[in-house]
Amino acid sequence: MEVHRLDRTEARRIAVRAQLLDAPRPTDLVAVVRRLTLLQIDPTAAIAPNADLVAWSRLGASYQPDQLQRALEQERTLFEHNAMVRPMTDLGLYLAGAADWPNRASQREWLRANDTFRRDVLDLLGRSGPLLSRDIPDTSVVAWPSTGWANNRNVTQMLEFLMMRGEVAIAGRRGRQRRWDLAERVYPADLPELTVDEARRLRNERRLRALGIARARGTALPNEPADVGDVGEPATVEGVSGTWRVDPEAIGQPFTGRTALLSPFDRLVHDRVRALDLFDFEYTLEMYKPKAKRRWGYFALPVLHQDRLVGKVDATADRRSGELLVHAIHQDVPFTPAMTDAVRHELEDLAYWLRLNLKEPGSAR
């Protein structure tokens, strides 16, 4: 098979187009999620919840969070699973082999020891669901052992296990809390029958289309891999070591760029090694660092301009004061006047979307 030889400009443009960050903007939320394959859920909301922020980066201020809630809870065109929002058309890709989950012996043993607890949960949801986890009694025989946040959180652990097994599903949310129900009342009945290997390959194909270009193998990541196996076609990128896999249909397509402010969890930058390889963009999420050791800010937003990642915006949505506070704009490359104007326009759009006033460094209250 021919190895495609790409320069870094072409590789970057493939990645940007694949993530729907070129111009013109898309206009439909569900179509965006189908293309991206996911919106990651994260509780951090220094600006806005991640799923909403990623959607805004694509759709602009025409997007409203109630569209996502409606798609999840009423239209059922999207579903929430394992901290990701995904298109319902992909459900079968994530439930293939679910009945055999988990693979780890310790998890299987815990589930086996708590079979009566499992049946209690399913029976209660069958009678009364959907329910919050706090409304489900803990009838476990063996507590879930953990040195982390999940220690002795038996109900939550059981619900997440049953979600992975396809027995329960997230029917919606009350605030940040998940509402659980039997899967048969949330998911459609006519799922395609796929083997585990078939589902894995289809997930890899969908992921490569969403990324445009990716490594065949990479570091294991929780919930969503960054690599794509042997799908697509091999490629090299000028000035970058190793072989990549590329979506051949994405090569040589016209490109019209724009400026966008991205979530730190955005898939364009989520794989920090890939971002460094293709965009020469260094980024670390610094919310876990002491304030004195942060270079760019608690939740700095990467700045995309055309096909380059050119800086970070340190900003906070202060809802008590009604302001979007811009603490600093870090320029990885010197901004031209056009870049400065474009970034400010995005900040104005972000403030408008958040229904906040924009407060920039040095501006008067």
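## The E3–E4 hairpin

Strand E3 (residues 78-81) and strand E4 (residues 84-87) pair in the antiparallel sense, over four bridges. This is a predicted model. One bridge can be named by residue: Leu78 of E3 has Pro87 in E4 as its partner. Two residues lie between the strands of this hairpin. Asn82 takes a positive phi there, near 55 degrees.

The side chains of E3 point two ways. Leu78 and Glu80 point one way from the strand. Phe79 and His81 point the other way. All of these residues are buried.

## The four-strand sheet

An open sheet of four strands runs in the order E1-E9-E10-E8. Its pairing is mixed. Which strands stand at the edges? They are strand E1 (4-6) and strand E8 (213-215). Each has a single partner strand, so one side of each is left without a neighbour in the sheet. Neighbouring strands are turned by 40 degrees against each other on average, direction ignored.

Inside the order, strand E9 (residues 233-237) pairs with strand E10 (residues 240-246). The sense is antiparallel, and there are four bridges. Ala235 has Trp244 of E10 as its bridge partner.

Two helices pack on this sheet. Helix H9 (residues 196-211) touches E8 and E10. The direction of H9 makes about 125 degrees with that of E8. H10 touches E8, E9 and E10. The direction of H10 makes about 105 degrees with that of E10.

## Helix H1 against helix H10

H10 also packs with a helix. Two packed helices are described by the angle between their axes and the distance between the axes. For helix H1 (residues 8-18) and helix H10 (residues 272-279), the angle is about 135 degrees and the axes are 9 Å apart. That makes H1 oblique to H10.

From H1, the contact uses Arg8, Ala11, Arg12, Ala15 and Val16. From H10, it uses Arg274, Leu276, Asp277, Leu278 and Phe279. By class, the contact of H1 with H10 has six nonpolar, no polar and four charged residues.

## Helix H2 against helix H9

H9 has a helix partner too. The axes of helix H2 (residues 29-36) and H9 come within 7 Å. They cross at roughly 110 degrees. H2 and H9 are therefore roughly perpendicular to each other.

Arg34, Arg35 and Leu36 in H2 meet Arg206, Arg209 and Ala210 in H9. What is the make-up of this contact by class? The contact of H2 with H9 has two nonpolar, no polar and four charged residues.

## Two buried residues: Gln19 and Val54

Gln19 sits in the loop between H1 and H2. Is Gln19 buried or exposed? At 2% relative accessibility, Gln19 counts as buried. Leaving aside residues up to four places away in sequence, Gln19 touches Leu36, Arg58, Ala210, Leu211, Asp266, Arg267 and Leu268. Among them, Leu36 and Ala210 also take part in the contact of H2 with H9.

Val54 is found in helix H3 (residues 50-59). Its relative accessibility is 7%, so Val54 counts as buried. With the same exclusion of residues up to four places away, Val54 touches Leu36, Leu39, Ser263 and Asp266. Leu36 and Asp266 are also touched by Gln19. Leu182 is another matter: Val54 and Leu182 are 128 residues apart in sequence and 29 Å apart in space, C-alpha to C-alpha.

## The five-strand sheet

Five strands form an open sheet in the order E11-E12-E13-E14-E15. The pairing is mixed. Strand E11 (259-261) and strand E15 (357-359) are the edge strands, and each pairs on one side only. Neighbouring strands of this sheet are turned by 30 degrees against each other on average, direction ignored.

At the E15 edge, the partner is strand E14 (residues 323-331). Three bridges join E14 to E15, and the two run parallel. In one bridge, Leu324 has Leu358 of E15 as its partner.

## Domains

The protein is divided into domain 1 (97-185) and domain 2 (259-359). How far apart do the C-alpha centres of the two domains lie? The distance between the centres of domain 1 and domain 2 is 37 Å.

How values were computed. Residues are numbered from 1 along each chain as its sequence is written. This is a predicted model: local features need pLDDT of at least 70, side-chain atom pairs count only at pLDDT 80 or more; totals for chains, interfaces and linings use all residues. Side-chain values use heavy atoms; hydrogens and water are left out. Axes are lines fitted to C-alpha atoms, for helices over the stretch in contact, and angles run from 0 to 180 degrees between N-to-C directions. Angles under 35 degrees count as roughly parallel, over 145 as roughly antiparallel, 65 to 115 as roughly perpendicular and the rest as oblique. Contact means heavy atoms within 4.5 Å. Ala, Val, Leu, Ile, Met, Phe, Trp, Tyr, Cys and Pro count as nonpolar, Asp, Glu, Lys and Arg as charged, and the others, Gly among them, as polar. Domain bounds come from an automatic or database domain assignment. Two strands pair if DSSP finds at least two bridges between them. Buried means under 20% relative accessible area, exposed over 50%, partly exposed in between (1.4 Å probe, protein chains only).
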